[in-house]
Amino acid sequence: MRASKLSSFLLPAFAFSSAPLTQKNRKREPVHWLLSIVPALLEIDNDDDDEDEDDNDAVAAERPNRSKLPDNSSLGPRPDPNRTRQSQSPWPTSTGSPACLAGTGTRDIITTSTRIGSATTADAPAPIAYKRVYCPEPVLPQYRSEHLESAIPAPEVTKIALKLRHLIELAVPCELDEDEITKAHSKIITTKVIKAAKEAGGSHYGSCVVFCLIVCKRWFKHQALVELWDADLHRVRAVACEVIAKQIIETEEDLQYLMHSVLLRRYSILIDGESTPPANVIEKAVDLHAVRVIGSSGYQKCISYLWKGWLVQDEDDPAVFVDYKDKTNPSFLVHMDPDRIRAPMYQNATQVLISLVYIGLYTAVINSVNAKGELDTAEVVLYIFTFGFICEEVTKFWKAGYHILGFWNAFNGVLYSFISLSLILRIIGLTHGESEEARRYYSELSYNFLAFSAPMIWSRLLLYLDSFRFFGAMLVVLKVMMKESIIFFALLAVLIIGFLQAFVGLDLADDLVADDILFIISAMANAIMQSPDFDGFDRFSPPFGIILYYCFTFIVMVVLLNILIALYNSAYEDIYDNANDEYLALFAQKTMQFVRAPDENVYIPPFNLIEMVVIALFWWMEKSKFERMSDIIMGILYSPVLVVAAVFETQSAAEIRSNRARGEEDDDTIEEWEQMMDQVDFESDGWNKVCMTAKTNLDTDPTIAEVQKLRSEVEELKKMLVDISKAVVASGDKAGKAPAADLIDLGEAAEGSSKKKKNKNKKGKKNKKDKQAAGDGQATGGSSSSDEE
């Protein structure tokens with residue numbers, strides 16, 4: 001289906017629905033628009049109906065018969081990444097893969113938590129757990145089904161997720177320190193646990209294990225919010241899900257299977273008896289901010305391939321990603337295909353160039369003030385650019401709703417409002433005569449609003465520079481700090497409202513007129529900015545006014561500002577300790593903003609104005625002709641970027657062919673330490689053996705290793721004693737002595753008999769003493785009786 005970007009201000013009759021996740025990897029040769037602009041234009045007008053029917057039949061014959069494809073239940077452990085499937089799911093595009101956003105050319109502000117889709121079927125109600133905003137019903141016919149399905153049946157995926165949840169609950173039975181889970185050679189997440197997790201999918205459904213682990217992470221995070229008494233336990237289990245998923249990704253050796261089946265294949269689970277919208281691991285990890293999974297080597301390699309446009313979405317089945325077929329083609333003209341502008345890397349570069357041009361236009365306008373108030377060429381172009389950006393923002397909101405709203409949406413909205421207000425004031429001024437004072441007033445006010453927008457114009461450039469590591473890390477820090485400052489501003493707002501009402505009440509009680517409100521607001525703002533003004537508060541019902549102002553100043557300057565500093569410090573430390581993973585997560589999010597909802601015809605603002613005009617005029621045109629015309633228009637608009645892209649891809653094609661000749665991966669680079677590796681052999685010269693004996697075994701603790709060694713030595717000593725005892729018994733039998741079991745048993749028997757003799761001797765001695773004591777008693781008794789006599 002032709003993708004469109006019509007804004008809400010166009011006529012409803014021209015409304016156009018968008019195709020989801022379409023990456024137009026056509027099965028025809030690329031349009032060499034530089035060599036065939038005129039013939040193509042003539043072909044659009046002069047093609048007869050018979051030729052069109054032949055073309056359509058050829059395209060239909062070229063596409064596979066999807067009804068004959070095997071069922072999902074017969075999927076093996078490594079499904080074919082290029083296999084297309086018949087769409088049976090009644091649900092729209094996957095989580096975070098909105099079909100409604102297919103008409104947007106700029107992906108800079110689409111949030112990762114977007115849950116949208118197209119209109120649902122009448123016989124399938126939406127799941128309760130997934131509230132989505134649907135696009136309006138399409139006015140024009142659709143060319144492609146917008147429904148996606150799970151690569152593995154949703155009940156099977158849910159069962160695997162439950163198996164993994166049970167495994168993690170047993171592996172992490174109690175609250176543990178997070179370092180015990182995440183450290184290398186962990187005693188909690190062992191190789192046995194990782195192997196058991198891999199076996200949860202069996203021999204047929206092993207490709208969805210990583211997806212199920214991320215689903216379990218979401219479950220544990222939700223449970224941590226619901227069950228606060230076990231929140232720490234559930235958070236640790238969520239971390240364990242990430243660690244296991246990362247280990248599975250990094251230990252997978254088959255790169256094609258990893259990218260096409262594990263990371264990019266879409267799966268669903270059952271919620272409320274209904275299948276959720278299919279999603280892949282790449283999207284799920286970005287949505288849940290699973291930085292450990294995002295930071296894994298296999299995940300980043302997949303993101304790199306998507307960023308460069310080496311992995312594209314299939315034209316017939318947008319749920320399937322395929323390799324770019326001309327990746328190794330050294331021809332320059334082949335890479336001049338306008339479809340290559342769809343790659344995230346080239347879209348981002350184009351947006352940066354347009355932003356620089358926008359800043360240049362603004363600089364030219366603000367530095368050449370027209371005293372007469374007339375609009376010059378630079379101002380007209382500046383306002384056209386702004387109108388294109390506004391149309392883009394309106395289109396996003398119209399199609400996706402409030403789900404896409406974020407900080408940059410609000411920022412751009414304020415900026416575009418100031419520039420639009422400047423234009424409106426300029427037009428109002430032009431309605432007056434050239435010599436009138438009103439024209440000069442409105443013209444000056446227009447330039448004031450335009451100059452007021454300068455900081456925001458330059459700050460907007462940061463939106464497109466986050467692909468660079470320095471700017472990306474800085475934006476992550478600022479984002480976290482802004483979130484942490486919400487607590488401060490909430491407390492500050494409550495205090496301001498309370499003290500403002502107190503000061504206004506004192507002013508009214510003084511003279512029954514609230515005529516000092518501006519003074520009160522100004523004094524409170526100065527206190528917030530750490531420059532309090534105590535003059536003037538003596539007249540507010542002394543001494544109440546000055547006491548209240550002292551209290552407000554103390555609370556704001558001493559208490560709240562220190563709280564804000566502590567929050568900023570904590571946020572900075574958290575990001576600094578994990579800066580690399582946070583940047584990789586930001587880069588993955590930016591890549592997915594381009595990949596999730598690409599256009600068939602990408603018109604980046606302000607070129608979206610041209611697209612709206614073209615669609616409004618040629619909406620009736622057949623698809624094949626419209627696509628040819630769009631290719632020609634995009635080729636002309638993006639010709640500077642396409643030339644640079646073709647040069648870059650020609651060089652990368654030569655590098656890829658060289659890497660494949662050496663048996664390496666496509667993106668491999670030869671580093672300094674690898675240049676002479678083919679001239680050394682550590683096995684033959686014995687160096688590898690020396691290194692193996694010298695290395696430290698990190699799998700076991702040194703103390704435990706020593707205890708195990710001591711235990712083995714004790715066992716050997718005991719065995720030697722048994723052998724000696726048997727030898728002694730054998731020699732005793734030959735000498736005619738009484739047989740005995742062994743030396744150890746004889747020793748024990750002798751020791752027992754000696755103990756018995758000692759006990760008897762002790763008892764005999766004790767009896768003698770008792771008898772002697774009794775005799776002495778009788779003698780003393782006799783003597784006493786004789787004395788009495």
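## Helix 5: a buried face and an exposed side

A residue counts as buried when its relative accessible area is under 20%, and as exposed when that value is over 50%. In this predicted model, the buried residues of helix 5 (residues 191-198) are Val193, Ile194 and Ala197. Viewed down the axis of helix 5, these buried residues fall within an arc of 100°, so they line one face of the helix.

The buried residues of helix 5 pack against helix 3 (154-171), helix 6 (209-226) and helix 7 (231-251). On the other side of helix 5, Thr191, Lys192 and Lys195 are exposed.

## Helix 12 against helix 15

Two packed helices are described by the angle between their axes and the distance between the axes. For helix 12 (residues 344-366) and helix 15 (residues 437-452), the packing angle is about 140° and the axes lie 11 Å apart. The two helices are therefore oblique to each other, and helix 12 passes helix 15 in a left-handed crossing.

Helix 12 contributes Tyr362, Val365 and Ile366 to the contact, where they meet Tyr447, Leu450 and Ala451 of helix 15. By class, this contact has six nonpolar residues, with no polar and no charged ones.

## Helix 17 against helix 20

Helix 17 (residues 469-511) and helix 20 (residues 579-595) have axes that come within 9 Å and cross at roughly 100°. This angle makes helix 17 roughly perpendicular to helix 20.

From helix 17, the contact involves Arg469, Gly472, Ala473 and Val476; from helix 20, it involves Asn580, Glu582, Tyr583 and Leu586. By class, the contact of helix 17 with helix 20 has four nonpolar, two polar and two charged residues.

Definitions and conventions:
Residues numbered from 1 in each chain as written. Predicted model: local features only at pLDDT ≥ 70, side-chain atom pairs only at ≥ 80, totals over all residues. Heavy atoms only, no water. Axes fitted to C-alpha atoms, helices over the stretch in contact; angles between N-to-C directions. Helix = DSSP H or I, 4+ residues; strand = E, 2+ residues; numbered from the N terminus. Parallel < 35°, antiparallel > 145°, perpendicular 65-115°, else oblique. Left-handed = near helix turned anticlockwise from the far one by under 90°. Contact = heavy atoms within 4.5 Å. Nonpolar A, V, L, I, M, F, W, Y, C, P; charged D, E, K, R; others polar. Buried < 20%, exposed > 50% of the residue type's maximum accessible area, 1.4 Å probe, protein only. Arc of directions from axis to C-beta.
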